[in-house]
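Student: I should like to understand the reasons behind the terms used for this structure. May we go through them one at a time?

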Amino acid sequence: MAVIALSSATVLIFQFGRPFGEAVSLSLALMCTMILIHLLIGRARDRGAVSEAVDRLEDRMADLDEDVGNLEVRLTGMEHTMPRRTRAEIDPLFAEVEVLGTLVKQMAEAMSDLETRVEDQQALAPPPQMQGLPPQPQAQPQLPGYAADSQPPRPATQNFGASQSPAAQAPGHQAHGYQNAAAPPAAAHPGAAGAGQQGDAWDNRYGVNTHQHPGEASFAPEVRQPSAPEVRPERPMAAGFPHDERPVLQPERPQPNMAMRELITSALNANRVELHLQPIVTLPQRQVKYYEAFTRLRDANGNAVEAAAFLAEAVQSGQIARIDNLLLFRSIQVIRRLTSRNRNAVLFCNISSLSLVDETFFPGFLEFVKANQNFADVLVFEFSQSDVAEMGAMELESLSALYDVGFRFSIDRISDMKMDFNSLAGRGFKYGKLHADYLIGRREANHGHIHPSDFGDLLHRYGMELITDHVETESQVLELLDYDVKLAQGNLFSPPRPVRAEVLQGAPAPGPRRTAAG
């Protein structure tokens with residue numbers, strides 16, 4: 001267009017002799033006219049292309065509307081037909097499950113009735129007829145199931161007056177002629193008791209003195225029919241003590257298990273302590289919500305030793321605080337690993353109530369949890385019900401210190417449902433664990449006026465959550481679902497599994513604080 005305008009200006013100047021200014025003006029006007037015409041033609045072309053695209057889009061939209069209408073029709077049909085199909089397929093399964101549940105309950109009731117009948121028959125069975133013993137002054141009577149050279153030991157409780165001479169004991173036996181009706185039921189069944197108790201029961205029942213001397217008269221036992229009840233002394237009088245000044249037997253302290261104590265010490269010194277985790281899942285989805293930490297020791301051969309085997313000896317030897325310290329530190333490491341992966345998991349950590357009053361452990365323990373106060377929402381300290389019931393003022397003060405930091409607690413191994421759980425909830429207890437067999441009635445618990453099925457609602461009223469543990473079979477899960485149990489734990493979902501070594505790598509746990517005297 002510029003060339004055409006320049007050419008037209010040249011023609012006007014040289015061909016027609018027009019002035020230069022007029023020729024340039026005409027050429028510029030010609031160029032503007034051509035530009036305007038070109039723009040109009042381009043706009044018309046673009047408008048046509050856009051119109052064609054819009055028409056195509058309208059056609060596609062019409063097709064999409066038709067397809068969506070077809071899908072709506074099909075979804076509506078599926079909404080009406082699928083529930084009926086699903087119900088038709090699931091109803092037979094539910095019916096079979098109900099039948100199986102009914103059969104299992106009937107079988108359990110039948111087995112219970114059978115056991116009751118067997119026990120009744122054993123209790124009502126007549127005692128075996130004993131033949132008269134020949135008068136042998138120096139020979140001891142042979143009991144059924146004992147060799148001639150064996151003597152069944154006498155229990156310590158029956159030989160409390162062992163300082164008496166045999167001659168002093170013989171008249172007592174002769175004066176009290178025990179009858180069949182006065183004999184205990186266990187004496188009628190020698191196989192149901194131990195060897196020592198069996199021998200004593202038979203000797204006392206038939207008036208046979210097993211400590212006879214040559215100077216004593218022997219006599220044959222007399223078996224008589226039941227008659228009027230005979231008045232018997234409650235307990236034999238101890239030799240040298242009046243009837244009202246009998247000595248009180250103190251319970252014997254368990255002897256230390258030196259082998260287990262050495263195993264605990266060597267495992268702690270050699271760092272053969274493992275942390276195992278077991279999930280706590282939701283029902284019925286079975287999604288992992290919490291974890292519980294367990295401590296396992298390894299002996300020199302690499303065999304795992306569970307807490308039930310070494311816990312009593314660890315408490316008696318005073319090493320439980322050291323184990324709790326290691327468990328706490330490693331639990332913090334596991335929580336850090338879980339939170340680094342954006343996993344919202346709460347970890348239950350079992351500690352002993354003795355650690356709360358340990359002067360060398362608890363101050364450092366409290367400082368450590370204060371330094372890790374940001375984990376208060378994801379770390380729960382767990383105590384057994386027996387430990388909670390025996391807590392005194394010092395233990396409760398330590399619990400209050402942890403509660404003020406922000407930590408919460410759980411009560412484990414519940415067997416007494418009459419405990420004041422409202423008071424425990426006020427002290428920071430947020431969870432309660434109950435054995436699955438207690439809840440579904442397979443094991444008797446001390447529940448008082450509270451039915452085990454209502455125990456979860458009782459805890460919920462106090463702001464606590466019920467966790468049912470020791471779930472081992474699918475039948476237990478079905479019965480727990482009938483009681484609306486929301487949280488469960490057991491080997492059915494997953495047994496305790498060890499934490500990988502790389503997770504537990506880090507700085508050592510804080511040692512116990514030394515007192516000023518130390």
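Student: Which elements each supply at least two residues of the lining of the second largest cavity?

Tutor: Strand 1, strand 2 and helix 7 do so. Helices (H or I, at least four residues) and strands (E, at least two) are DSSP runs, numbered from the N terminus. Helix 7 gives the most to this lining, with four residues. The model is predicted: local features need pLDDT of at least 70, side-chain atom pairs count only at pLDDT 80 or more, and totals for chains, interfaces and linings use all residues. Residues are numbered from 1 along each chain as its sequence is written, and side-chain values use heavy atoms, with hydrogens and water left out.

Student: What makes a space a cavity, and what makes it a pocket?

Tutor: On a 1 Å grid over the protein atoms alone, a cavity is a set of points where a 1.4 Å probe fits but cannot get out, whereas a pocket is an open set with protein on both sides within 12 Å along at least five of seven lines. Lining residues have an atom within 4 Å of a point. By this rule there are four cavities of 30 Å³ or more. The second largest cavity has a volume of about 60 Å³, and its lining includes Val-273, Phe-294 and Arg-330.

Student: How much space lies in the second largest pocket?

Tutor: About 1000 Å³. It is lined by 41 residues, and Phe-294, Ala-307, Asn-350, Asp-412 and Arg-413 are the closest to its centre. Helix 6 gives the most to the lining of this pocket, with six residues.

Student: Why is Glu-313 called buried?

Tutor: Buried means under 20% relative accessible area, exposed over 50%, and partly exposed in between (1.4 Å probe, protein chains only). Glu-313 has 6% relative accessibility, and therefore counts as buried. Glu-313 lies in helix 6. Leaving aside neighbours within four places in sequence, Glu-313 is in contact (heavy atoms within 4.5 Å) with Pro-256, Asn-257, Met-260, Arg-261 and Ile-264.

Student: How is helix 7 oriented relative to helix 8?

Tutor: Helix 7 and helix 8 pack at an angle of about 5 degrees, with their axes 11 Å apart. Helix 7 is therefore roughly parallel to helix 8. Angles under 35 degrees count as roughly parallel, over 145 as roughly antiparallel, 65 to 115 as roughly perpendicular and the rest as oblique. Leu-328, Phe-329 and Ile-332 in helix 7 meet Phe-365, Phe-368 and Val-369 in helix 8.

Key:
Grid points are joined across faces, edges and corners, and a volume is the space filled by probe spheres set on the points. Axes are lines fitted to C-alpha atoms, for helices over the stretch in contact, and angles run from 0 to 180 degrees between N-to-C directions.
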